[in-house]
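Some notes on the model follow, as numbered points. They take up confidence, overall build, cores, surface and a few single residues.

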Amino acid sequence: MFFGRFPLQEFGNLNGFVIKRILLVFSLICLVTGGAQYCSAATEAGSMEEPDWLDDDPFGDEGGNVGGAETVFDPLEPMNRFFFEFNDNLYYLILKPVNRFYSIVVPREFRTCFGNFFYNLASPIRLVNNLLQGDFVDAGAVLSRFVINSTLGVYGFGDVASQEFGLKPRPGDLGQTLGVWGVGEGAYLCLPVFGPSNLRDIVGFAGDSYMHPVGHFNDGNMVANIAFYTGRQVNNLSLNPNVYEELKSYALDPYVSMREAYFDYRVKLISGDQAADGHPQPLMDQEGKYE
Amino acid sequence: MNNRQRITVLTCAIVFSLVSVVWAVTSPTGQLKPTLQSIIDVIIDDSFKGEGRKNVRRQKIMAHVDKGFDFEEMSKRVLGRTWLDLSAVDQGRFIEQFTKLLENVYIGKLEAYGGEQIQYLDEKIKGDRAMVTTIVPGQTKGLPVNYIMIDKGGDWMVYDLKIEGIGLIKNYREQFKSILKRNDFQGLIKELEKKNKSFQ
């Protein structure tokens with residue numbers, strides 16, 4: 001069994017057993033629904049292609065699908081909308097005040113450095129995934145960035161690799177790897193707390209968390225893992241504080257907007273576009289103007 | 001060099017430069033540039049700055065934008081088959097509201113970048129369609145905008161925008177589809193009007 005080779009022992013035998021089974025079920029569902037989806041979609045096996053932006057026929061076929069684009073497969077929409085509302089409340093009640101407080105207390109430069117630190121820590125994940133995708137150029141870049149930033153950048157707080165060596169961040173996660181291998185995204189899922197995802201990417205996220213160094217250093221202590229994850233997400237949000245509210249301000253149906261945006265973002269990542277990398281970067285300064 | 005040769009060289013030079021000028025002007029990027037430049041010019045114009053002069057500023061900008069952007073085409077594409085079932089009056093109302101929405105989203109974003117000069121990165125042409133890749137530079141992160149254009153009798157018009165990786169027409173089409181599932185067209189128009197008011 002593939003998942004049996006992961007060193008699950010230190011995470012507690014019971015947890016490991018259950019998680020192994022869940023991952024197996026998820027990946028089976030994923031493959032089945034992904035396969036079913038590909039029967040109807042006109043995509044190539046082995047790679048996901050971006051919709052052809054120059055496609056014609058504004059009035060589409062009977063299903064109202066225009067110009068080759070399809071509505072994201074969302075069979076669990078009522079449940080997803082419920083969690084979307086939940087996350088929305090979570091954002092305004094907890095995340096936003098915490099973020100505002102955090103941004104006031106911790107200066108922007110520090111938060112950028114923390115962002116670099118968190119991002120650098122996850123380098124093994126990106127390295128392994130780029131290798132799995134056969135992208136040796138990017139794998140090499142990830143490795144170089146990790147070495148440079150961990151040494152010259154002092155444990156990763158500084159992104160010397162980008163600034164002095166012109167080595168930009170390269171994305172790499174297991175969901176993307178699975179996508180490159182041809183696994184369909186399955187159904188769209190809006191998770192409580194974690195936000196937009198899909199079946200494939202959830203499996204990817206679970207797999208990636210086993211590769212994250214922090215999990216190996218604190219003996220599988222769930223509280224520490226959660227604290228780390230939360231801290232990282234709050235810091236990332238503080239660097240791009242307006243992303244969610246902007247999406248809501250532009251959208252008539254924010255749930256659908258986010259669903260489509262997430263789908264397009266993943267397609268772009270899988271088809272190899274470098275621009276979408278999730279590397280936290282400050283977008284706006286205090287006055288709300290873009291820097 | 002005798003006179004005949006001089007004339008030949010001169011003629012060739014003139015013809016050559018005319019051809020390259022015409023080529024630059026009639027390429028998608030060549031036609032897009034003046035439109036976008038006029039938008040930037042209004043944004044950086046001090047006499048139009050500030051919240052108070054927003055209406056006047058937007059009016060001026062949209063007068064320029066209308067020349068290079070095909071809002072009717074965008075409206076057709078965003079509604080898909082539903083467009084065909086609409087009366088001419090409803091189509092007109094929709095174009096008006098959807099144009100206003102795009103103005104608030106697209107021009108709003110450009111204004112937030114303070115009128116930085118746009119950099120033109122790439123141009124891809126496929127038949128009568130083209131995609132021009134641009135970026136509005138910012139200190140830490142720029143605003144990538146792709147313009148999808150169609151050749152209408154020699155004029156390249158924008159009929160879709162991709163801002164920060166998100167295709168506007170596709171994104172709004174899915175949103176409108178979802179709204180039309182639980183509402184009729186009049187309901188959609190009302191929601192559009194409400195959204196446009198929220199920008200004021």
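1. pLDDT is the predictor's confidence in each residue, on a scale from 0 to 100. The model is a predicted one. For chain B the average pLDDT is 89, and 98% of the residues score at least 70. The scores for the model are ipTM 0.83 and pTM 0.78.

2. Chain B contains eight helices and five strands. Their order along the sequence is α-α-α-α-α-α-β-β-β-β-β-α-α. Along the principal axes, the C-alpha atoms of chain B occupy a box of roughly 80 × 40 × 30 Å. In chain B, 55% of the contacts with a separation of 6 or more join residues 24 or more positions apart.

3. Chain B has 200 residues, of which 48% count as buried. The exposed area of this chain is about 10,100 Å², with 56% of it supplied by carbon and sulfur atoms.

4. In soluble globular proteins, nonpolar side chains tend to be buried together. Here the largest nonpolar core has 50 residues, and B:Phe69, B:Phe94, B:Phe98, B:Tyr106, B:Tyr147, B:Tyr172 and B:Phe176 have the most contacts inside it. Helix α6 of chain B (residues 88-112) gives the most to this core, namely eight residues.

5. Which residues does B:Tyr172 touch, leaving aside those up to four places away in sequence? They are A:Tyr250 and A:Leu252 in chain A, and B:Val78, B:Phe98, B:Leu101 and B:Val105 in chain B. A second core, separate and of 14 residues, includes A:Phe84, A:Tyr244, A:Tyr255 and A:Phe263.

6. Helix α6 of chain B also holds B:Gly92. B:Gly92 has a relative accessible area of 36%, so this residue is partly exposed. Its C-alpha atom is separated by 8.8 Å from that of B:Glu72, and the two residues are 20 apart along the chain.

7. On the surface, A:Phe86, A:Val193, A:Phe194 and A:Phe205 make a nonpolar patch of about 380 Å². A:Phe194 lies in the loop between β1 (188-191) and β2 (195-198) of chain A. Why does A:Phe194 count as partly exposed? Its relative accessible area is 43%, and partly exposed covers values between the buried limit of under 20% and the exposed limit of over 50%.

8. A:Glu109 sits in helix α3 (residues 108-121) of chain A. A:Glu109 counts as exposed because its relative accessibility is 54%. The C-alpha atoms of A:Glu109 and A:Leu239 are 9.9 Å from each other, with the residues 130 apart along the chain.

Key
Residues numbered from 1 in each chain as written. Chains lettered and ligands numbered in written order. Heavy atoms only, no water. Patch = residues over 30% accessible without salt bridge, like charges linked within 9 Å, V, L, I, M, F, W, Y side chains within 5 Å. Areas by Shrake-Rupley, 256 points an atom, 1.4 Å probe, with all protein chains shown as cover. Salt bridge = Lys/Arg side-chain N within 4 Å of Asp/Glu carboxyl O. Helix = DSSP H or I, 4+ residues; strand = E, 2+ residues; numbered from the N terminus. Buried < 20%, exposed > 50% of the residue type's maximum accessible area, 1.4 Å probe, protein only. Core = buried A, V, L, I, M, F, W, Y, C linked by side-chain atoms within 4.5 Å. Contact = heavy atoms within 4.5 Å.
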